[in-house]
Amino acid sequence: MISSWESVIVMLVALANGARNEDDIQPCAVVMTTSPVVRLGSPVTATCVIRDSCPLVAGQALQIDWRLRDRILPGTMATNENATVSEVVIANFNLTREFLTCCVQASPVGGVEIRAGYPPEAPQNLSCQTNLTTPNTLTCSWAPGPLETHLTTKYTLHTQIWDTDENQTYELQPGVHRYTIPRSGFVLFSDMEIYVKAVNELGEAASAPIILEPISSAKFDVPTIEKVQAVPKRLGCLKLSWTLSQQQAWMRDYRLNVEVRLKTADSSQWSEPPILLSRVRPTRSVDQCRLLHGTQYLAQIRVRYQQSPWSEWSSSQSGVTLESAPTGRLDSWMKVSGDHMHKQLKMLLFWKPSKQFRANGQNVSYIVWVNELPGEQGKLCSTKESYCTFLLPRRVKRVYLSAVNGAGKSSRTEVRILLPKARDVISDVSVIPHDDTSLLVQWKNLDPSGLSSLVVEWGPLVNADVSLTRFEITNKTQTRLVLTGSFEPYKPYGISVYPRFKDGIGLPQTVNAYWRQKAPSMVPKIQLKKIWDSHVELTWDEIPLEQRNGIIQKYRVFYWDKNRPVKVVNADLEERTVVLKDLNAASLYEAFLMVSTYGGSLNGSTTHFKIESFDQVAVVIVTVSCVGLSFLIVFVAMACFSNNKRLKGHFWPAVPDPANSSIKRWTSESSQDSHLSWDSEEPNPMYLSHLSFLDLPVKLSKEDDDPWLSSSEDTSDLGDSICGSPFIPGYSGSNSDSVPYATVVFSGPCSSPTPRDPHVYLRSESTQPLLETEESFSPKCYQNMGSNGMPSEQCFFGPCHDSEPEKGADLSILWDDFPFLRALRSNDTENY
């Protein structure tokens, strides 16, 4: 665009500076060149012819310059009779397009545009393809030469049909390298020559011609497999019936090339290379043999005519070959549980097909049996799974395994029973991801001597199912194994390496592994376990296995208060506890737990805690301890040295000694703690003794003078009175739990008037043990209170001493001191 404007400007200037007359306008100068289009990098020569009549020349020295872009080029000048000529030579024109200007007196008077480039190269990779769908066409395409010409290049497509000698030329738009020939321009079954020619201002070039039969360049539509079925009476053969598309059905009588590829239903790889079948008519089926027996196959086909492009692969169709009995052996792995004390062992047997095994059928089951047991008892299990659990007597040394289908049973595989042995020869088991579908297991073999093989067993740990257990048997010298299978990311797998000896199975080494890891799904909450001076112990629960998403590598506790930066403590992986030290009392702390795996980290929730001052706690503890100890000392001192008999009676109760007892002493020491209220209160049930009353006839025989000596019966209950006890309601003699220590004998019945004779007091036997600490003393003489309330001195249990009461003493006080006598007096009153 700039060069065009420059050309216009030069022409306008030349016209303005030209000589004007009545008839025409002569340009001031004319610029000429050998060629306006040159090969890039070649020399260019230009000539500028300036007329003498040019106003710029008149009356001044002539100065002619050449300009190319912003450069001034020197030229040579020559003069003839009518004009002045200037010539310039550019040795290497390396611009693709530029305007060369001639200037007189620094003013442009003329110019010429020069373009540079390369001649075209021959088109390459010419190919044509016939479309057999309606309408039929022939499309040819090619690639221009790799060299950029920098010039406009035109392409033409040339065809010649040999049978008709008809030539056709098809012109294309610049830059287009593809053309579709209509159906009128070719014959399907006639050869034709096709080539492409490229032309620009520097030259032309043609591609190498190709000779083809249009039908041979046709790409067929995708064929269709109608049916895949087993060939009758031919094991391992399948018959495929197929057709072309409806638009190409007219080709059914022509012979085509067919390729077939197969794969088993459980395989992901097609057979390589495909099976080629030449010159096959679509009306005829094709057979594929040498296949596995009783196996389901998926089949696909594609077609072409002679050397035409292959069609796309058809959709898959399945078929099953005829069954035969299974062949080959099974690989097995048995785990035994139980000890020498059990008569039967529990067996867990796994198996899988070996490389030589062929099921030769669809519905395959497995049976396990022993020869030592007769008939049906010898069959241990029959299953379609790849494992079996059963009990077996210890005397059995081997079992047998076979595969069964509808056509028969395979030869048996012998499985020796190897008991566990306490031999540890495997160490340093490690597992790392190997690629997108496998894990690499590595281990060390400490002592390969005696080993027969190694067994690597693996399976998922979450929702573990024995049917998902897999195993691989390796050579005894091997120290690594790649495990392939459908491993799920972020799920834990248990992998064990077992050493297998000729006489047993050694101890396994087991590790947990992940195919892919990420941060855990949850973080347990921190719990305060113990707090003491400037220290706190934190703990947390274990993360459930299904939420770990990887192998836990680190527990880290972050804690801080508002005045100090964040601190970090690493915790033990097994104990899941940490002690934070050197904490400030009365400061509110915040802490959270971070759990890390190889796949990432996750932070838990924040916990707040506060450390109390040890001085305050110590003061509280010491104060409480001192107060409690003081109370204890005071209480013990009061109990030991106090004269309060009631208090002492609670700790050292005074039990009377029947052998050294008196009513006075009973009343003052044993009954003194209970003050009876004869009006409303019940007698105190804590009395240790009581009085009972017994009515006897007035006249006693000599034999009855001493009833204790005259009776051969037990007299321990003579104190039981038919009148009842005045102290204990419901008392009825020997039926009572209390034991009387004395009996008051009346000379008459209870209802008779009080006799003048004094009452007789008898001593009662007692089984009550005497207190060792009771002071030994003899009964003292006490005053008996008469019916008139006046005291009369009598001696009942001991010598009588003069002990008259003081004159003027209050008798009520005497009665309070002698409650038993008061009760006796009440009884006398009732007898009246």
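Which side chains meet in a salt bridge with an N to O distance of 3.8 Å? The side chains of Asp287 and Arg234 do so. A salt bridge is defined here as a side-chain nitrogen of Lys or Arg within 4 Å of a carboxyl oxygen of Asp or Glu. Asp287 belongs to strand 24 (residues 286-288), and Arg234 to the loop between strand 20 (224-230) and strand 21 (238-243), so that the pair links distant parts of the chain, 53 residues apart. Strands (E, at least two residues) and helices (H or I, at least four) are DSSP runs, numbered from the N terminus.

The model is a predicted one, in which local features need pLDDT of at least 70 and side-chain atom pairs count only at pLDDT 80 or more, while totals for chains, interfaces and linings use all residues. Residues are numbered from 1 along each chain as its sequence is written, and side-chain values use heavy atoms, with hydrogens and water left out.

Side chains of opposite charge can pair when their charged atoms come close. The structure holds 16 salt bridges. One of them joins Glu113 and Arg97, at 2.5 Å from N to O. Because Glu113 lies in strand 11 (residues 107-117) and Arg97 in strand 10 (residues 97-104), this pair ties together parts that are 16 residues apart in sequence. Glu113 is partly exposed, with a relative accessible area of 23%, and Arg97 is partly exposed at 46%. Here buried means under 20% relative accessible area, exposed means over 50%, and partly exposed lies in between (1.4 Å probe, protein chains only).

A contrasting position is Gly504, in the loop between strand 40 (493-501) and strand 41 (509-513). Gly504 counts as buried because its relative accessible area is 0%. The C-alpha atoms of Gly504 and Pro420 are separated by 5.5 Å, although these residues are 84 apart along the chain.

On the surface, Leu629, Leu632, Ile633, Phe635 and Val636 make a nonpolar patch of about 490 Å². Such a patch consists of residues with over 30% relative accessible area and no salt bridge, nonpolar side chains (Val, Leu, Ile, Met, Phe, Trp, Tyr) being joined within 5 Å and like charges within 9 Å. Areas come from the Shrake-Rupley method with a 1.4 Å probe; for residues, only the protein chains shown count as cover. Ile633 is found in helix 2 (residues 614-641), and its relative accessibility of 53% is why Ile633 counts as exposed.
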